[in-house]
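Work through the exercises below with the coordinates open. Each task is followed by a solution in steps.

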2 protein chains.
Amino acid sequence: MEFFQLHTIAEVLSLLERFPPLEGEEVSLAAAWNRVLAHSVAATADVPEFDRACMDGYAVRARDTFGAGPGSPAWLTIVGEVAMGAAPRQALAPGQVMRIATGGMLPPGADAVVMVEYTQELGDQTLEVYRSVAPLENVVQRGEDVQAGTVLLTAGTRLRAQDIGLLAAMGIPQVQVRRRPRVAIIATGDEIVPISAPLPPGKMRDANSSALAAQVQAYGGEPWPLGIIPDDLDAWQETVGATLEGADLILLSGGSSVGTRDLAVTTVRSFPQAEILVHGVAISPGKPTILATIDNKPLFGLPGHPVSAMVVMEILVKPLLLRLLGQTEVEPGWGHTVTARLSRNLASAPGREEFIRVRLRREGETLWADPVLGKSGLISTMVKADGLVRIPLQIEGLEAGEAVEVTVFRI
Amino acid sequence: MEFFQLHTIAEVLSLLERFPPLEGEEVSLAAAWNRVLAHSVAATADVPEFDRACMDGYAVRARDTFGAGPGSPAWLTIVGEVAMGAAPRQALAPGQVMRIATGGMLPPGADAVVMVEYTQELGDQTLEVYRSVAPLENVVQRGEDVQAGTVLLTAGTRLRAQDIGLLAAMGIPQVQVRRRPRVAIIATGDEIVPISAPLPPGKMRDANSSALAAQVQAYGGEPWPLGIIPDDLDAWQETVGATLEGADLILLSGGSSVGTRDLAVTTVRSFPQAEILVHGVAISPGKPTILATIDNKPLFGLPGHPVSAMVVMEILVKPLLLRLLGQTEVEPGWGHTVTARLSRNLASAPGREEFIRVRLRREGETLWADPVLGKSGLISTMVKADGLVRIPLQIEGLEAGEAVEVTVFRI
């Protein structure tokens, strides 16, 4: 067996920088939620394009109300009503007002809106105003939401509901977003059977394909599950070769036992333009991870143990998918991690980063992180856990009562 | 105009309890991610169904290794190899071992695995063992992942990747999940035009339909956008009537100006079996919110200002959608909120709960929440914000430097 130097997580992450983002594709706003913008978007016009009322009342010239109060109302002349969704038919001369509803366009000459609550109509033409308004009061000015030319949404933004609302307000019905990475998922192992097949003695069901596909979905990719292949070089070469055309990333799960550990390496090396970048990572669980390229296409060989595979997905594959999506903004820590207090000592071997499954439990004011112990072959330990605590490379362990950052599993 | 008593947020939330979860539907595991389980799922068999190796090495009787060490190896007899994915062909007698790889089935008589690192083969038949193993060492026992009959996934769970992996491991290819609520979205207002139409003077583009549809997607519903209707009772009655068959929830956006405020109420009342439950909520922004039922179907009348509409969606409509989805587990606070320090004073009128848009900013060790000020008609303020800070009902404001909980906007 060849000797390979373990790579640190940081080293693997920096190797991922060689993979450029995928091309963009145009989608309608209805399909744009949770997609990543391929280009920055500037407003082509002011939003709104005119001064409008943001309260129901009367469009006025603010100075006509100065000094008005409950005991000294201003008397102004009603010259009409601003029809909703239409340009006012006339301008306001001094001393004149027009009825206006929220969203109505201010007539020329008007610079404020008096709320209906502070007025009383005396007949059809006269308005008593009991409160003065400042210029621009109760008005949304032209360009106050967005000024023409402003870039509020930059390339690499993952579009939230409000971002889509803003695009709609700017009159942009389609946007260029990064294509969803298509992720080939190949389960390997003579002992693995499909989940709906009967389970003969000695066989195991393929839990990884389903779990990895769901993680790919969660990160914004499109899973392409290719089923199970036996531990056989021909099958590996054929299946990996068949994905090179359609996949943006290839995931092989399994093949970390001695008998098969080199199958992934041999398979990769059998292709021209292939390179093993990483064979072994200083991470626990997940050490026997492989990162390779074939024809500039990334391939991850993931451990077969489901917990190991899922942790490597979260720590190493997710950043690659975000790169392929061009999500330039580093995910901010807020909202993804919580600080909790560790409920027991945890030992760790130095020289690797360890990820411990924890369950969160609130007790009075304290949020406790209870380690969920169990072998990395037990997927139930991931089901019982709410997140992961990281023990850094050179730390020999964490003590009960210590404050730890928990990366919470998100849907 | 009729007088309506404002409802508190808590009162509205308790009124939502009258709406039962939707029926279940069967989906394959490939489509189950982020869906909500309709029934609890118990394991029908042990996982795994046999004791298996979780390391590469030799299946042994642990007691045969007791006392073994680097200077005093145990000599044992190799009687064959466990083929991957097959039942071993023979049992181990005392003093015997079999080669086994990770995932292999332990032969009868074996109760532990010695890692290959602590052994050396002397010829074909003899194994030197340099380290003793305890019973069950390097073995995943039958039922250690899940015991038959155990319920690890309960009704109301929103399925994460690991939950789907567990279902796969248990051999369950389909699950009953709650049907996605179909949410009719109706924009109203004479001044509103579709986003791709030209924008005549006095008109506004329909930002709300797109933003609300994205929020519905984010909460796990299925948006059913019905376009824009004018402020006209016939149009309202006809459009709302047309949704009663296919929608699980009806959202009307707009209609909060004086002229149209009662259109929603009049429309609702024109149907038999209709009831206005709430007309006005002690929330800011979002006060002119309506909650009604028609034929036991919920209808929300949302304010027209995009920020108000989006805040009401987050605070009131999302809980209703989670109810319709049967998501019984209260969303845990962890991972959705962060504690930050407010960077300026915020005043608030008592008697309503106020939600302030904030931007998060890290400065050294401190996470600051900078209020994003601006009228609730400005959707750009939501784009600039990372989350919301709540000022409770009876508080008159928050002071700069205070620690606040920020509910982070999630994709």
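**Exercise 1. The side chain of A:Asp206**

Task: Determine which side chain A:Asp206 joins in a polar contact, and where A:Asp206 lies in chain A.

Solution. Step 1: in this predicted model, the side chains of A:Asp206 and A:Ser209 form a polar contact of 2.6 Å. Step 2: the side chain of A:Asp206 also reaches the backbone nitrogen of A:Asn208, at 3.5 Å. Step 3: A:Asp206 sits in the loop between β15 (204-205) and α3 (207-219) of chain A.

Task: State whether A:Asp206 is buried or exposed, and how far away the nearest side chain of opposite charge is.

Solution. Step 1: A:Asp206 is buried. Step 2: the nearest side chain of opposite charge belongs to A:Arg205, 11 Å away. Step 3: a salt bridge needs a nitrogen-oxygen distance within 4 Å, and A:Asp206 has no salt bridge. Step 4: with neighbours within four places in sequence left aside, A:Asp206 is in contact with A:Ala187, A:Ile192, A:Val193, A:Ile195 and A:Ile228, and with B:Ala168 from chain B.

**Exercise 2. The helix that holds B:Ala168**

Task: Find how many residues of helix α2 of chain B are buried.

Solution. Step 1: helix α2 of chain B covers residues 161-169. Step 2: nine of its nine residues are buried, so the helix is largely enclosed by the rest of the structure. Step 3: the buried residues include B:Gln162, B:Asp163 and B:Ala168. Step 4: just after α2(B), B:Gly171 has a positive phi of about 75 degrees.

**Exercise 3. The interface of chain A and chain B**

Task: Describe the interface by area, by residues and by pairs of side chains.

Solution. Step 1: the size of an interface is often given as the accessible area lost when the parts come together. Step 2: chain A and chain B bury about 7100 Å² between them, with 65% of it on carbon and sulfur atoms. Step 3: chain A contributes 82 residues to the contact and chain B contributes 83 residues. Step 4: two salt bridges are counted between chain A and chain B; one of them pairs A:Lys375 with B:Glu144, at 2.7 Å from N to O. Step 5: 18 residue pairs are in polar contact across the interface, both residues being at pLDDT 80 or more. Step 6: on the side of chain A that touches chain B, elements that each supply at least two residues include α2 (161-169), α5 (258-269) and β24 (353-363). Step 7: the largest share of that side, eight residues, comes from α2(A). Step 8: the residues of the side of chain A that touches chain B divide into 45 nonpolar, 18 polar and 19 charged.

**Exercise 4. Three salt bridges within chains**

Task: For A:Glu222, B:Arg35 and B:Lys318, name the salt-bridge partner.

Solution. Step 1: A:Glu222 pairs with A:Arg182, the closest N and O atoms being 3.7 Å apart. A:Glu222 lies in strand β16 and A:Arg182 in strand β13 of chain A, so the pair ties together parts that are 40 residues apart in sequence. A:Glu222 is partly exposed, at 36% relative accessible area, and A:Arg182 is partly exposed at 28%.

Step 2: B:Arg35 meets B:Glu25 in a salt bridge of 2.7 Å, N to O. B:Arg35 is in the loop between β1 (24-28) and β2 (41-42), while B:Glu25 is in strand β1, ten residues apart. The relative accessible area of B:Arg35 is 6%, so B:Arg35 counts as buried, whereas B:Glu25 is partly exposed at 29%.

Step 3: B:Lys318 meets B:Glu314 at 3.8 Å, N to O. The two residues lie in helix α6 (residues 306-324) of chain B, four residues apart, about one turn of the helix. Both are buried.

**Exercise 5. Two loop residues of chain B**

Task: Say which backbone atoms the side chains of B:Thr289 and B:Asp231 lie close enough to for a polar contact.

Solution. Step 1: the side chain of B:Thr289 reaches the backbone oxygen of B:Gly286 at 2.6 Å. B:Thr289 is in the loop between β19 (283-284) and β20 (290-294) and is buried, with a relative accessible area of 1%.

Step 2: a polar atom of the B:Asp231 side chain lies 3.4 Å from the backbone nitrogen of B:Gly189. B:Asp231 is in the loop between β16 (222-229) and α4 (233-243) and is partly exposed, at 21%.

Step 3: B:Asp231 and B:Asp190 are 41 residues apart in sequence but 5.7 Å apart in space, C-alpha to C-alpha.

Notes: Residues are numbered from 1 along each chain as its sequence is written. Chains are lettered from A and ligands numbered from 1 in the order in which they are written. This is a predicted model: local features need pLDDT of at least 70, side-chain atom pairs count only at pLDDT 80 or more; totals for chains, interfaces and linings use all residues. Side-chain values use heavy atoms; hydrogens and water are left out. Buried means under 20% relative accessible area, exposed over 50%, partly exposed in between (1.4 Å probe, protein chains only). Lys and Arg count as positive and Asp and Glu as negative; His and the chain ends are not counted. A polar contact is a pair of N or O atoms within 3.5 Å; within protein, one must be able to donate a hydrogen and the other to accept it, and residues adjacent in sequence count only if both atoms are side-chain atoms. Contact means heavy atoms within 4.5 Å. Buried area is the accessible area (1.4 Å probe) that two parts lose on being put together, summed over both. Ala, Val, Leu, Ile, Met, Phe, Trp, Tyr, Cys and Pro count as nonpolar, Asp, Glu, Lys and Arg as charged, and the others, Gly among them, as polar.
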